[in-house]
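Biologist: I'm new to this one, so please pick a single part, zoom in on it, and show me how it sits in the rest of the chain. Plain talk is fine.

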Amino acid sequence: MSTVSGDAPKPTGLVMQIIIRRDLLTVLSWPIGPLLAQSAHAATAVLHRYKDHPDVITYLEGEDGRGWEGMRKVVMEVPDEAALRMMGEKLDGMTNRIPYHIWIEQPENTPTALALIPNKRPKALKKIMDEVGCDLFK
């Protein structure tokens with residue numbers, strides 16, 4: 001629960017995308033709780049791993065020191081592991097690469113989610129998402 005303060009935090013224009021494998025729910029019958037945990041693992045890992053990146057700092061602190069109050073995240077889905085891995089490969093090939101982290105659930109060694117650092121949603125990212133079948137999680 002957040003506290004109410006006088007003014008809303010200044011928006012940073014940054015959003016974090018968290019991509020989950022849909023087949024974990026539909027084919028492999030994972031319960032929703034563990035599936036949600038995968039998104040939390042990926043988001044936490046990418047923020048920690050890239051904590052010194054300027055966009056992560058802005059996302060967490062904001063221009064007014066209250067960035068955490070204005071955080072924006074979107075949860076998306078890809079059909080399966082192949083699409084999740086393909087997304088990582090395509091992200092690696094971007095001219096202006098957006099750092100990301102793929103969460104590998106242990107001890108199963110199963111890639112479950114991918115989280116990108118907060119970004120301004122460049123057109124190249126939208127194109128990659130379309131190519132791998134990434135859509136809003138439903």
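**A close look at helix α5**

Modeller: Let's begin with the whole chain: among contacts between residues at least 6 apart in sequence, 76% join residues at least 24 apart. A contact here means heavy atoms within 4.5 Å. Keep in mind that this is a predicted model, where local features need pLDDT of at least 70 and side-chain atom pairs count only at pLDDT 80 or more, while totals for chains, interfaces and linings use all residues. Residues are numbered from 1 along each chain as its sequence is written, and side-chain values use heavy atoms, with hydrogens and water left out.

Now some scenery. You're looking at five helices and five strands, and from the N terminus they come in the order β-α-α-α-β-α-β-β-α-β. Those are DSSP runs numbered from the N terminus, with helices being H or I for at least four residues and strands E for at least two. The C-alpha trace spans about 45 × 35 × 25 Å along its principal axes. The radius of gyration is 15 Å, which agrees with the value near 14 Å for a compact globule of 138 residues; it is taken over C-alpha atoms, and the globule rule is 2.2 Å times the number of residues to the power 0.38. Of the 138 residues, 41% count as buried, where buried means under 20% relative accessible area, exposed over 50%, and partly exposed in between (1.4 Å probe, protein chains only).

On to the helix itself. Helix α5 covers residues 123-132, and Leu125, Ile128, Met129 and Val132 are buried in it. Seen down the axis of α5, these buried residues fall within an arc of 100°, so they line one face of the helix. That arc is the one made by the directions from the helix axis to the C-beta atoms. There's a handy rule behind such patterns: an α-helix has 3.6 residues a turn, so residues three or four places apart point the same way. On the other side of α5 you'll find Lys123, Lys126 and Lys127, which are exposed. Glu131 also belongs to α5, and at 44% relative accessibility it counts as partly exposed. If you want a sense of distance, Glu131 and Pro99 are 32 residues apart in sequence, and their C-alpha atoms are 19 Å apart in space.

What sits over the buried face? The cover includes β1 (16-21), β2 (73-78), α4 (81-92) and β4 (110-116). To see one piece of that cover, go to Met87, which lies in helix α4. Met87 is buried, with a relative accessible area of 0%. Leaving aside residues up to four places away in sequence, Met87 touches Ile19, Leu114, Leu116, Leu125, Ile128, Met129 and Val132. Four of the names on that list should ring a bell: Leu125, Ile128, Met129 and Val132 are the buried residues of α5. Met87 and Ile128 are 41 residues apart along the chain, yet their C-alpha atoms are separated by 6.9 Å.

The two ends of α5 deserve a glance too. Ahead of the helix, Arg121 is found in the loop between β4 and α5. Its phi is near 55°, a positive value in a residue other than glycine. For background, most residues other than glycine have a negative phi, and most peptide bonds are trans. Arg121 is partly exposed, with a relative accessible area of 45%. Just after α5, Gly133 takes a positive phi of about 80°.

Two more backbone spots are worth finding elsewhere in the chain. Ser29, in the loop between α1 (23-26) and α2 (32-49), also has a positive phi, near 60°. Ser29 is exposed, with a relative accessible area of 55%. Then there's a cis peptide bond joining Gln106 and Pro107, with omega about 10°; Pro107 is in the loop between β3 (100-105) and β4.

So, back to α5 for a last look: Leu125, Ile128, Met129 and Val132 are buried, while Lys123, Lys126 and Lys127 are exposed on the other side.
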